[in-house]
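Biologist: I am new to this structure, and I would like a close look at its buried interior. Please walk me through that part.

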Amino acid sequence: MNPERPEERDAPEPADRGAPEPTATGAPIGRRVLLGTLGLGALGVVAAPTLQRGLEAFLGSVSGKDPTGLTGLLPNGGGFRYYSVTASVPHRDETDYRLTVDGLVDHPKTYTLADLRALPQTRLVHDVQCVTGWRVPKTPFEGVRLATLLEAAGVRSSAGAVRFSCFDGAYTESLTLDQARRSDVLVALKMQDKPVSHEHGGPVRLYVAPMYFYKSAKWLSGITVTRDVRPGFWEERGYDVDAWVGRSNGRDDAPTS
Amino acid sequence: MPPRVDAGHPVAAPARVHRFTRAERWVHRTTAALMGVCVVTAACLYIPAFAELVGRRELVVRIHEVAGVLLPVPVLMGLASRAFRADLGHLNRWGPHDRIWLRAALRRDHRRKSRPAAKFNAGQKTYAAWIAGATLVMLGTGLLMWFTHLTPLKWRTSATFVHDWLALTIGVVLAGHIGMALGDPESRRGLRTGLVSREWADREHPLWRP
């Protein structure tokens, strides 16, 4: 605190105190700033598609050269976001990970991580598109085609859908049998050419290349063949079951596969 | 006319002057609490490290939505208070001295004579108007993201874009707001107790007539 020195005080002279407050009749600038902010917000919504394309291009080029990784935290800065619907997710590894295949099949089976690694592996490289807007370009996923596991289990003729469950204890997903048999649907063991990390749903996650990323269930632990599609976790909360990128959820993103 | 108070010259005038009523203090307190909940839950939804720590995405989303919708409520209820309405008037109306203050602020001129202010200075007025507008934009875009099937579906992407970037901006501005409050204990006391020292009032708000 500065000591007060009356001679040097810059405050208006005491005589000023007799005058009324000068703001009483001033211009309503506050209202204009408020309305201006609202107007800019509305303009932002209208101009968003254009602005977003520009920013994604710009931040995409910058983030590659940014050693701090801070650009990844910006909206449209690229990179994955972590979403989990539960408080905590148990860790599973070679010793205790199991994937069961059951339901309307002739040969129910339980796979260990080693079993899955011993099967033919497929590597796919596509963009990842989240339904909330972020997109990560050209991300490699590698693993066993879901069709291979279904074929090995012997799907019965009464079956029409596949339901997925996860060892986080809450998340579920589902696909029609036709969707599940597509060649770009994997039980993924690797992501970005590394074993799928716990944060990204490891050791094993689903990868449904042509659909929004919520279909690619993390921490996959169960594949159950059913008669009909049952909506999964987010689908019971309003998201589309047939989640084709660019043709669902009211979005028009470029298709990913 | 109240006499001036200078350090070392005790006078009969009350040492503390009334700045905010109880209603006004509660409007600020509840708004700050709701804004705090919005910011913390937003961080848990958005920043990967916090999201991994907290998880429970659906619950966090629900809390964020409820706090966001309630955010304008304290101000709306405050409209019942005459003192609060009067202060909104003070915040709204700009006099010539506010332009002087703003120009000095832009030139980083900290001399007192170049920073004339009545009850609120031009910076506080700008902040109040902007944060009110920004809150309404966040509310609007937030509702578009929440009730996705009520609006043309394409709007959601655009609303998300505005919501994300404005959230970042609000975070920075809010940090500035809190930082300035941390640097001025007497102004915090004003919002905590309703009273400020006359010395502070004369120094920071020389044109204010408490």
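**Inside the two chains**

Modeller: Let's begin with chain B, where 44% of the 210 residues count as buried (under 20% relative accessible area, with exposed over 50% and partly exposed in between, using a 1.4 Å probe and protein chains only). This is a predicted model, in which local features need pLDDT of at least 70, side-chain atom pairs count only at pLDDT 80 or more, and totals for chains, interfaces and linings use all residues. Residues are numbered from 1 along each chain as its sequence is written, chains are lettered from A and ligands numbered from 1 in the order in which they are written, and side-chain values use heavy atoms, leaving out hydrogens and water.

In chain A, buried residues make up 46% of its 257 residues. The largest nonpolar core (buried Ala, Val, Leu, Ile, Met, Phe, Trp, Tyr and Cys joined through side-chain atoms within 4.5 Å) has 60 residues, and A:Leu99, A:Leu146, A:Leu150, A:Leu220 and A:Ile223 touch the most other members. Strand β7 of chain A, residues 185-191, gives the most to this core, with six residues (strands are DSSP runs of E, at least two residues, numbered from the N terminus).

Let's zoom in on A:Ile223. Beyond its neighbours within four places in sequence, A:Ile223 is in contact (heavy atoms within 4.5 Å) with several residues, among them A:Leu99, A:Val101, A:Leu146, A:Leu150, A:Phe164 and A:Val187. A second, separate core of 18 residues includes A:Val45 along with B:Ala134, B:Phe161 and B:Ile170.

Sequence distance matters here too: among contacts between residues at least 6 apart, 64% in chain A join residues at least 24 apart, and 68% do in chain B.

Terms used. Helices (H or I, at least four residues) and strands (E, at least two) are DSSP runs, numbered from the N terminus.
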